[in-house]
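Below is a set of questions and answers on one protein chain, meant to be read with the structure open.

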Amino acid sequence: MNELLMICERIAPELMIVMKERYKLMNLLAYEEPMGRRTLAVATDLPERTVRSHIDVLRYNGLVDISKPGIMLSKEGHQLVPKLRNMLYELEKFGDLEKRLQKALGIDRVIITPTEGSLMLKKIGFTAAKVVQELVETNSIVAVSGGSTMAAMAEEMPGQKLFPMVVPARGGVGEIVEHQANVIAAVLAERWQGNYKMLHLPDGLSPDSLHMLVTLEPQIKEISELIHSTDVLVFGIGQAIHMANVRHIPSSVMEKLVAKGAVGEALGQYCSMDGSVVYATNNIGLSLGDIQKIPHVVAVAGGFEKAEAIISIMRACKKGILIIDDQAADGMRQILDIPTL
């Protein structure tokens with residue numbers, strides 16, 4: 001039920017406003033009944049016309065009774081108030097933690113979505129899809145990274161005629177084809193009836209090799225220019241050592257990552273807890289340093305074990321929307337020493 005309330009607040013905030021106003025009235029009646037409409041309006045700081053409208057609906061649904069002494073809750077109304085109180089408390093608690101994490105990380109917004117076990121990727125992908133679709137405009141250039149979270153977002157993305165150009169933020173990584181940025185870009189382009197470009201370049205090429213490719217290959221130069229003209233960037237966050245293993249980073253570099261305290265990875269860059277980039281792979285794609293020039297930035301990650309990684313990367317970003325699950329949020333809260341309500 002709490003998850004349903006959070007989804008309602010995302011897609012129909014006007015309904016949540018109505019629910020909160022009616023709960024405010026019912027909660028006051030639970031302690032102060034009977035009361036008149038005017039007294040209710042003054043006590044709740046709501047317009048008397050709004051109170052009258054809410055009371056009419058509550059009466060029609062059998063939650064309040066109106067008699068000569070005033071308005072009172074019905075038996076069912078009394079039973080419903082504590083249930084509503086608990087649900088809205090959980091919702092407000094999530095909202096408060098979102099604001100505290102946003103302030104602690106110095107970014108634009110934090111969105112927490114409740115998840116459960118094996119459904120975590122699907123649910124966080126659903127939330128990310130809704131947020132990203134609101135940012136994409138007709139003919140936007142959208143850059144997306146690879147990974148299981150990005151794949152889940154693409155899978156949950158509803159179809160819409162936006163006609164964007166979708167590009168990979170970096171070259172494909174990993175053995176699972178469905179998780180590569182090129183494939184995810186193609187899926188998103190299909191959902192949005194847009195176009196896409198692929199970038200077949202692994203991380204780790206020397207600077208000279210990259211320069212030669214951009215200079216001698218017009219197609220790679222074109223894709224590079226598109227990527228660096230991105231309007232919306234969406235990327236996942238990984239744990240540094242895990243991602244280093246996935247990318248078969250040399251042991252000498254691995255030792256450097258451990259020695260310098262790398263905990264998070266995004267866009268081929270490895271960060272320590274304070275947000276410092278301690279190592280970066282060579283690639284034509286976007287890096288964390290490019291984020292300040294991109295109008296809309298969305299980072300998506302989930303899982304308690306990723307808390308450190310998320311903090312490190314968002315400290316490096318210093319902007320953007322962060323979408324996480326409740327487990328990651330709790331881990332971050334503990335690390336950042338944010339008290340519970």
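Q: At 37% relative accessibility, is Arg-52 buried or partly exposed?
A: This is a predicted model, and the value is computed from it. Buried would need a relative accessible area under 20%, and exposed one over 50%. Arg-52 has 37% relative accessibility, so the residue counts as partly exposed.

Q: With which residue does Glu-48 form a salt bridge in which the closest N and O atoms are 3.9 Å apart?
A: Glu-48 lies in helix 4 (residues 48-60), and the partner sits 4 residues away in that helix, about one turn. Glu-48 is itself partly exposed, with a relative accessible area of 29%. The closest N and O atoms of the pair are 3.9 Å apart, and the cut-off for a salt bridge is 4 Å. The partner is Arg-52.

Q: Which residue is linked with Glu-48 and Arg-52 in a network of salt bridges?
A: A search of the whole structure finds 8 salt bridges. The one between Glu-48 and Arg-52 belongs to a network of three linked residues. The remaining member of that network is Arg-38.

Q: What N to O distance is found in the salt bridge between Asp-96 and Arg-100?
A: Asp-96 and Arg-100 are 4 residues apart in helix 5 (residues 75-105), so about one helical turn separates them. Asp-96 is partly exposed at 23% relative accessible area, and Arg-100 is partly exposed at 31%. Their side chains meet in a salt bridge with an N to O distance of 2.7 Å.

Q: How many residues apart in sequence are the parts that Lys-122 and Glu-156 tie together?
A: The side chains of Lys-122 and Glu-156 meet in a salt bridge of 2.9 Å, N to O. Lys-122 lies in helix 6 (residues 120-135) and Glu-156 in helix 7 (residues 148-156), so the pair ties together parts whose separation in sequence is 34 residues.

Q: Which helix supplies the largest share of the largest nonpolar core?
A: The largest nonpolar core has 44 residues, and those touching the most other members include Leu-101, Leu-233, Phe-235 and Met-314. One helix, spanning residues 307-317, contributes 8 residues, the largest share. Apart from this core lies another of 29 residues, with Ala-129 and Met-150 among them. The helix asked for is helix 13.

Q: Which histidine is in contact with Leu-233, leaving aside neighbours within four places in sequence?
A: Leu-233 is one of the residues that touch the most other members of the largest core. Leaving aside neighbours within four places in sequence, its contacts include Ala-143, Leu-267, Ile-291 and Val-298. The histidine in that list is His-296.

Q: Which strands are the edge strands of the open sheet of 7 strands?
A: The sheet has the order 3-13-12-7-4-5-6, with parallel pairing. An edge strand pairs on one side only, which applies here to the strands at residues 109-113 and 195-196. These are strand 3 and strand 6.

Q: Which residue in strand 6 is the bridge partner of Val-166?
A: Strand 5 (residues 165-168) and strand 6 run parallel and are joined by 2 bridges. Val-166 has its bridge partner in strand 6, and that residue is Tyr-196.

Q: At about what angle does helix 6 run to strand 13?
A: Helix 6 lies across strand 3, strand 7 (232-236), strand 12 (296-300) and strand 13 (321-325). Helix 14 (residues 326-335) also packs on the sheet, touching strand 3 and strand 13, and its direction makes about 105° with that of strand 13. For helix 6 the angle to strand 13 is about 160°.

Q: How many residues does the hairpin joining strand 1 to strand 2 pass through?
A: Strand 1 (residues 64-67) and strand 2 (residues 70-73) pair in the antiparallel sense over 4 bridges. Ser-67 has Gly-70 as its bridge partner. The hairpin joins the two strands through 2 residues.

Q: Which helix packs on the sheet of 4 strands with a direction about 165° from that of strand 11?
A: This open sheet has the order 8-9-10-11, with antiparallel pairing. Helix 13 packs on the sheet, touching strand 8, strand 9 and strand 10, at about 65° to strand 9. The helix at about 165° to strand 11 spans residues 251-259 and touches strand 9, strand 10 and strand 11. That is helix 12.

Notes
Residues are numbered from 1 along each chain as its sequence is written. This is a predicted model: local features need pLDDT of at least 70, side-chain atom pairs count only at pLDDT 80 or more; totals for chains, interfaces and linings use all residues. Side-chain values use heavy atoms; hydrogens and water are left out. A nonpolar core is a set of buried Ala, Val, Leu, Ile, Met, Phe, Trp, Tyr and Cys residues joined through side-chain atoms within 4.5 Å. Buried means under 20% relative accessible area, exposed over 50%, partly exposed in between (1.4 Å probe, protein chains only). Contact means heavy atoms within 4.5 Å. Two strands pair if DSSP finds at least two bridges between them. Axes are lines fitted to C-alpha atoms, for helices over the stretch in contact, and angles run from 0 to 180 degrees between N-to-C directions.
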